[in-house]
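Open the model in your viewer and keep the sequence panel handy. We'll start with one helix, work outward from there, and finish with the whole chain.

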Amino acid sequence: MKASELIEQNNQKRALLTEGNEKYYTNLLLYIRTKLTLSEQQSEEVLMEMLDHLIEGQQEGKTAKEIFGNDPKGYADEIVSQLPRENKRNSFIFMGEIAVNIIGWFLIMRSIIIPIIGGEASEKVYVISSLLLIILIMIMTALGVKMIFGLISQSSFDDKATDKKMMFKAGLYGAGGFLIIAIISFFVKEVGPSFTLPWQISFGIGSLLLLVSWLIKKSRI
């Protein structure tokens, strides 16, 4: 069974848990899923085994604490230490999918902005400037994903953590990242050789890249 199928089945089976058991298990699930370097397939298989074990124990009147122990984080860390890392090929495909997706959206946003700005100058693409901007967006996106997953991982077993705090930290990072990109793009907006790319073509290429990204994702899952 593929990871995507296991995730769907997991979502359905969790509805069978009591409120307390569901909260305990969901914390384990979030903590393990946020470890991006682990094999997704193996992680989902282990999570499904844990869920089946919990449901079986629940039918016998047991709680998640009685089954997995009073230290859910310690238990989760033990599981994480035993799970294999994600296959390099799968990691490369995933990163390629993200890169194609970002470039696609970059070109589509450009096609939306050009008609608003107007003028032939706005249709010029400066190769070095554009590459630097795309690379910067990729880096900021990667750091953003890592930070958000890190926040989720840290708050999984923290009763004091709240969604508002997480949203505030994520929003703060997003605003800071946007400001950095805006400042850098302003200073490197006309660097290197250039060529003209009409907004219609930019939109077409961007849409095609988003389609390619979607096809990569479908083949991956």
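Select α5 and whatever touches it: the cover over its buried residues includes α2 and α3. Contact here means heavy atoms within 4.5 Å, and buried means under 20% relative accessible area, with exposed over 50% and partly exposed in between (1.4 Å probe, protein chains only). Helices are DSSP runs of H or I with at least four residues, strands are runs of E with at least two, and both are numbered from the N terminus. This is a predicted model, where local features need pLDDT of at least 70 and side-chain atom pairs count only at pLDDT 80 or more, while totals for chains, interfaces and linings use all residues. Residues are numbered from 1 along each chain as its sequence is written, and side-chain values use heavy atoms, leaving out hydrogens and water.

Now highlight residues 72-82, which make up α5, and colour P72, A76, I79 and V80: these are buried. Look down the axis of α5 and those buried residues fall within an arc of 100°, so they line one face of the helix. The arc is taken from the directions that run from the helix axis to the C-beta atoms. An α-helix has 3.6 residues a turn, so residues three or four places apart point the same way. Turn to the face of α5 away from the buried side and you'll find S81 and Q82, both exposed.

Zoom in on V80, in helix α5. How buried is V80 in terms of relative accessible area? The value is 17%, so V80 counts as buried. Show its surroundings next: beyond neighbours within four places in sequence, V80 is in contact with Y31, I32, K35 and L38. Put a distance label between the C-alpha atoms of V80 and I32 and you should get 6.7 Å, for two residues 48 apart in sequence.

Step along to Q82, also part of α5. Its relative accessibility is 61%, so Q82 counts as exposed. A C-alpha label from Q82 to L38 reads 9.8 Å, with their positions 44 residues apart along the chain.

Next stop: α1, residues 3-13, where A3, L6 and N10 are buried. Down the axis of α1, these buried residues fall within an arc of 55°, so they line one face of the helix. Add α2 (19-33) and α3 (40-59) to the selection, since the buried residues of α1 pack against them.

Jump to α6, residues 88-117, and pick out G96. Is G96 buried or partly exposed? With a relative accessible area of 27%, G96 is partly exposed. Now select I216 as well: G96 and I216 are 120 residues apart in sequence, yet 8.6 Å apart in space, C-alpha to C-alpha.

Finally, zoom out to the whole chain. Colour by secondary structure and you'll see nine helices and two strands, in the order α-α-α-α-α-α-β-α-α-β-α along the sequence. The C-alpha atoms fill a box of roughly 75 × 35 × 30 Å along the principal axes. The radius of gyration is 22 Å, whereas a compact globule of 221 residues would be near 17 Å; the radius is taken over C-alpha atoms, and the globule rule is 2.2 Å times the number of residues to the power 0.38. Of the 221 residues, 29% count as buried. Among contacts with a separation of 6 or more, 80% link residues 24 or more positions apart.
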